[in-house]
Structure formats: structure tokens, C-alpha cells
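Colleague: Hi! Could you walk me through this one?
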Amino acid sequence: MTHYDLVIIGTGSGNTILDQRFADWRVAIVEKGVFGGTCLNVGCIPTKMFVYPADIAQAISTSGPLGVDAELREVRWHEVRDRIFGRIDPIASGGKEYRASHPDNANVTLYDGTARAAGDAERRRRADGADRRPDRAGGGQQADHPEHRGPR
Ligand SMILES: Cc1cc2nc3c(=O)[nH]c(=O)nc-3n(C[C@H](O)[C@H](O)[C@H](O)COP(=O)(O)OP(=O)(O)OC[C@H]3O[C@@H](n4cnc5c(N)ncnc54)[C@H](O)[C@@H]3O)c2cc1C
């Protein structure tokens, strides 16, 4: 079992945690879904990108009473969708590639899979009744997934 000083579960806001403070820490990032989390992939960003063309279509279909005669001929749904995810997907894959392969992240191992608390980390929470930072030397949290790539 590989031990880490810090295990980050999820790559939404979790992906923003790492900075120079952790440069000499042994870090694991675990993501069970698409790299980048909810906001980037299915939440805030695609939502707003869908809302804008929807607003345009809506404005045209309701412009008559305002004295603007316009006709909505067609909404090319597949093009709307492909434009949005053609912008978003490279950001997600680029972020993943950066964490997985860039020299800036030589101390980081990225796991595709579901993380779960195990061993000492769980016992310590039960004993104290409060979360504590894991012991750096002992590595109180572990990435436990059979498909891990292992440390570089
Ligand atoms: C449609 C929609 C629109 C939204 N619009 C806005 C907006 O305009 N403004 C705004 O502020 N907020 C908005 N939000 C909310 C915003 O997206 C979330 O608040 C934000 O993404 C939460 O970030 P997070 O890092 O906590 O979680 P997430 O971004 O959800 O990241 C959690 C990540 O952890 C992973 N994960 C979870 N459990 C495990 C595990 N056991 N092992 C491995 N990986 C795991 C998940 O796969 C996920 O990628 C919107 C949400 C939705 C759904």
C-alpha cells in the first residue's frame, strides 16, 4: 500500500488546493468522474453556455410585441452542444494531463477511481470526535484503488 502525506478526493475545488506549500509533500489526487468536477463539466460553466443561445432563441420568439418581427428558423442543437463541450472538454483533459504528467506535479499521483477512508484515518476521527490533519510521517490517509498508476 502506498502512503501519502495528503490525499485530495475530487478535482473540482479540490484541484485548487495544491500550491508551493505542498511541493515536498507526497500527494495523491483521486477522481471517480470527469476531471474538473461539477462546475466545469456539468454545472456553472456549461449551464451558462446553454442559457445564452436559449435566451437568443427566446428573444426572437417573443420580439413581435416589441415591434421587431423576427423568425426563429431552427436551433441546431448538435452544434450548440458541440460548441460548448468542444470548449470545456479540452480544459478538463488539459487539467488532468497537467496533474498526471507535468514536471510541476512530480510529487503528485493521480488516481482514476473512488476513494474511501480506511485504517488509521477512520479510527483517529472516531477517537477524537474531530478531523485532524494526518500525520505526515505515518501518512494517515491512503489511496486504496486497484488501478492506481503508482508513484512516478
Ligand atoms: C447545473 C448546475 C449549475 C451550477 N451553477 C453554479 C453557479 O452558477 N455558480 C456557483 O457558484 N455554483 C454553481 N453550481 C454549484 C457548483 O457547481 C458546486 O457548488 C461546485 O462545483 C462544488 O464544488 P466541489 O469541489 O465541492 O464539488 P465538485 O465540483 O462536485 O467536485 C467533487 C468531485 O469529487 C469527485 N468525488 C466525489 N467523491 C469521490 C470519491 N469518493 N472518490 C473519488 N472522487 C470523488 C466527484 O466525481 C467530483 O468530480 C452549479 C451546479 C449545478 C449542478
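Modeller: Happy to, and a definition comes first: Ala, Val, Leu, Ile, Met, Phe, Trp, Tyr, Cys and Pro count as nonpolar, Asp, Glu, Lys and Arg as charged, and the others, Gly among them, as polar. This is a predicted model, where local features need pLDDT of at least 70 and side-chain atom pairs pLDDT 80 or more, while totals for chains, interfaces and linings use all residues. Residues are numbered from 1 along each chain as its sequence is written.

Colleague: So how many nonpolar, polar and charged residues are in the shell around the ligand?
Modeller: The shell has 11 polar, 5 nonpolar and 2 charged residues.

Colleague: Nice, and which come nearest to the ligand?
Modeller: Gly10, Gly12, Gly33, Gly37 and Gly43, out of 18 residues around the ligand (near is a C-beta atom, placed from the backbone, within 6 Å).

Colleague: Which element gives the largest share of that shell?
Modeller: α1, with 3 residues (helices are DSSP runs of H or I, at least four residues, strands of E, at least two, numbered from the N terminus).

Colleague: Switching to α2, how many of its residues are buried?
Modeller: The number is 0 of 18, so α2 lies largely in the open. Buried needs 20 or more other C-beta atoms within 10 Å of a residue's own, exposed 12 or fewer, and partly exposed is in between, with C-beta atoms placed from the backbone.

Colleague: And the confidence, what's the mean pLDDT?
Modeller: The mean is 85, and 78% of residues reach 70 or more (pLDDT is the predictor's confidence in each residue, from 0 to 100).
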